[in-house]
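Student: Please take a close look at a single part of this structure, and work outwards from there to its surroundings. I would like one connected account rather than a list.

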Amino acid sequence: MKVYKNYKEIEIKNIKGARVDLYNESIISRVNRVREMIKRRGFKRPFDVVERENEYYLMGDRISFVAAKTLGYDKIPCLIRNIEKEILLRKLCKKLGLDGEDYEIKRNEKRLNYCRKNYYKLNVL
């Protein structure tokens, strides 16, 4: 359940939070594969970023970000997420016992797995 503020092309130098271990051979090979895909097809989807205090932080898809950076892109397409609304919506759905995506009544184990899945995203903020 993601809520977006707007779409914007942001300069790569203004985006933070894309640390990748480039000494690992498997990561280097993944970056090279993604580079070839970007050369052929362009970007599949915009990057998710969070805006905090006039700075942008990358939320996932770090391999594609590094690949775009090594290809020499100055700007990349980004969707700016609205974290405050996401948290409120998540709390509301939890209170009502609804799943945020398809609005079905959740069982206790599904609710627990859903909260675990989003735990990291909430701790980043």
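Tutor: Two rings of Phe, Tyr or Trp are taken as a pair if their centres lie within 6.5 Å, and such a pair is called stacked when the planes are under 30 degrees apart, edge-to-face when they are over 60 degrees apart, and tilted otherwise. With that criterion, a search of the whole structure, which is a predicted model, returns 3 aromatic pairs. One of them joins phenylalanine 43 to phenylalanine 47 in an edge-to-face arrangement, with 5.5 Å from centre to centre and 70° between the planes. The two partners differ in their exposure class: phenylalanine 47 is buried, at a relative accessible area of 2%, whereas phenylalanine 43 is partly exposed, at 24%. Phenylalanine 43 also pairs with tyrosine 73, and here the geometry is tilted, with the centres 5.1 Å apart and the planes at 55°. Because phenylalanine 43 sits in the loop between H1 and strand E3 (47-52), while tyrosine 73 sits in the loop between H2 and strand E5 (75-81), this pair ties together parts that are 30 residues apart in sequence. Tyrosine 73 is itself partly exposed, with a relative accessible area of 33%. Taken together, ring pairs link Phe43, Phe47, Phe65 and Tyr73 into a cluster.

The cluster leads to the part I would single out, namely helix H2, which covers residues 62-71. Its buried residues are Ile63, Ser64, Phe65, Val66, Ala67 and Ala68, so Phe65 belongs both to this buried stretch and to the ring cluster. The cover over these buried residues comes from several elements, including strand E2 (15-16), H1, E3, strand E4 (55-58) and E5. Serine 64 gives a local view of that setting: the residue lies in H2 and, with a relative accessibility of 15%, counts as buried, since the limit for that class is under 20%. Leaving aside residues up to four places away in sequence, serine 64 touches Val34, Ile38 and Phe47. Val34 and Ile38 are residues of H1, and Phe47 is a member of the aromatic cluster.

The contact with H1 can be described for the two helices as wholes. Two packed helices are characterised by the angle between their axes and by the distance between those axes. For H1 (residues 25-41) and H2, the axes come within 8 Å and cross at roughly 65°, and the two helices are therefore roughly perpendicular to each other. The handedness of the crossing is right-handed. By class, the contact of H1 with H2 comprises 9 nonpolar, 2 polar and 3 charged residues. On the H1 side, the residues involved are Ile27, Arg30, Val31, Val34, Arg35, Ile38 and Lys39, and these meet Ile63, Ser64, Val66, Ala67, Ala68, Thr70 and Leu71 of H2. The spacing along H1 can be read against a general rule: an α-helix has 3.6 residues a turn, so residues three or four places apart point the same way. Glutamate 36 also lies in H1, and it is partly exposed, with a relative accessible area of 38%. The C-alpha atoms of glutamate 36 and leucine 71 are 9.6 Å apart in space, although the two residues are 35 apart in sequence.

The two ends of H2 have backbone features of their own. In the loop between E4 and H2 lies aspartate 61, whose phi is positive, at about 55°, although the residue is not a glycine. Aspartate 61 is partly exposed, with a relative accessible area of 32%. Just after H2, glycine 72 takes a positive phi of about 95°. A further positive phi, of about 60°, is found at asparagine 54, again not a glycine. Asparagine 54 lies in the loop between E3 and E4 and counts as exposed, at 71% relative accessibility.

To place H2 in the whole, the protein chain has 4 helices and 5 strands, which run β-β-α-β-β-α-β-α-α from the N terminus on. Of its 125 residues, 30% count as buried. Among contacts with a separation of 6 or more, 79% are between residues 24 or more positions apart.

Methods: Residues numbered from 1 in each chain as written. Predicted model: local features only at pLDDT ≥ 70, side-chain atom pairs only at ≥ 80, totals over all residues. Heavy atoms only, no water. Axes fitted to C-alpha atoms, helices over the stretch in contact; angles between N-to-C directions. Parallel < 35°, antiparallel > 145°, perpendicular 65-115°, else oblique. Left-handed = near helix turned anticlockwise from the far one by under 90°. Contact = heavy atoms within 4.5 Å. Nonpolar A, V, L, I, M, F, W, Y, C, P; charged D, E, K, R; others polar. Phe/Tyr/Trp six-rings, centres within 6.5 Å; stacked < 30°, edge-to-face > 60°. Buried < 20%, exposed > 50% of the residue type's maximum accessible area, 1.4 Å probe, protein only.
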